[in-house]
Amino acid sequence: MKNPGQADSMEKLDEETFSIRDILDSQLLTSDGRRIGRVADIEAEVDKHGTFRLTSLVMGPQALAGRVNSSLATLLGFLLRDRFENQIPISEVKKFGPTLELRGKAEEYSVGQSDRWIAQHILRWIPGSGI
Amino acid sequence: MKQGKQRLENILDKQIITADGKQVGHVFDIQLSKDGKNRVIALMYGRQSLLFRLHIYKAAAIAFDLQLPKTIPWDAVDAIDRTHVRLKPGYQP
């Protein structure tokens with residue numbers, strides 16, 4: 001690094017800048033220690049004052065497909081009819097980080113219901129599954 | 001900026017243009033406030049921002065003496081359409 005001032009500002013930038021890279025693809029962890037999915041997209045709203053504020057985290061295959069191609073998201077929306085699209089209000093996030101800690105327990109969120117169903121109805125019969 | 005909901009993934013990778021149509025760069029990351037209000041405060045563009053989004057900016061900056069990522073304040077954004085983020089008249093990054 002040639003310029004010490006620049007080194008400081010670079011360090012500061014990396015530590016202090018909070019951006020959507022810190023939220024997208026992060027694991028969601030509930031207060032009872034269950035991992036219920038990853039953030040596929042973020043929804044935000046422009047209010048009447050022009051402030052653009054995050055409102056919810058979006059999970060599901062449709063939102064994930066939208067990251068690859070917007071037409072793919074439209075197609076999946078038509079096929080899945082938004083059944084697997086889940087949203088969690090941003091106010092539910094207690095702590096941001098590599099893992100987003102949520103305030104509620106796993107059963108309070110619609111995300112991860114299919115995983116839970118598979119665990120309770122199928123995997124529990126497998127010896128050694130620990131469920 | 002028009003009121004309403006937006007998915008942030010729809011803003012990423014869009015071309016930023018000034019009011020008179022000059023291309024500025026692509027949105028590679030979106031900076032948020034750290035005051036707990038979760039506001040969008042700036043769009044990050046340029047190569048350094050791409051490296052920042054990929055979490056390799058710091059290492060690359062040490063190796064290649066890079067500039068800081070470029071940002072455009074949210075207040076300077078006029079509209080977002082299918083392919084572009086248009087800046088307000090008079091704002092020149």
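In this predicted model, β4(A) and β5(A) form a hairpin, with 5 residues between the two strands. G50(A) sits in the turn and has a positive phi of about 90 degrees.

**Strand pairing**

The hairpin strands, β4 (residues 41-46) and β5 (residues 52-59) of chain A, run antiparallel over 6 bridges. Within this pair, E45(A) stands opposite R53(A). β5(A) also pairs with β6 (residues 86-89) of chain A, again in the antiparallel sense. Here the bridge partner of V58(A) is Q87(A). A further pairing crosses between chains: β1 (residues 18-19) of chain A joins β3(B). In that pairing, S19(A) faces Q31(B).

| Strand pair | Sense | Bridges |
|---|---|---|
| β4(A) and β5(A) | antiparallel | 6 bridges |
| β5(A) and β6(A) | antiparallel | 4 bridges |
| β1(A) and β3(B) | antiparallel | 2 bridges |

**The interface**

Contacts between the chains involve 27 residues of chain B and 28 residues of chain A. On the chain B side, β1, β3 (23-32), β4 (40-45) and α2 (57-64) each supply at least two residues. By type, this side of chain B divides into 11 nonpolar, 5 polar and 11 charged residues.

**N10(B)**

N10(B) lies in a loop of chain B, between β1 (4-7) and β2 (15-17). Is N10(B) buried or exposed? Neither label fits: N10(B) counts as partly exposed because it has 15 C-beta neighbours inside 10 Å. Burial would take 20 or more, and exposure 12 or fewer. N10(B) and D81(B) are 71 residues apart in sequence, yet their C-alpha atoms are 9.5 Å apart in space.

Conventions:
Residues numbered from 1 in each chain as written. Chains lettered and ligands numbered in written order. Predicted model: local features only at pLDDT ≥ 70, side-chain atom pairs only at ≥ 80, totals over all residues. Contact = placed C-beta atoms within 7 Å. Nonpolar A, V, L, I, M, F, W, Y, C, P; charged D, E, K, R; others polar. Pairing = 2+ DSSP bridges.
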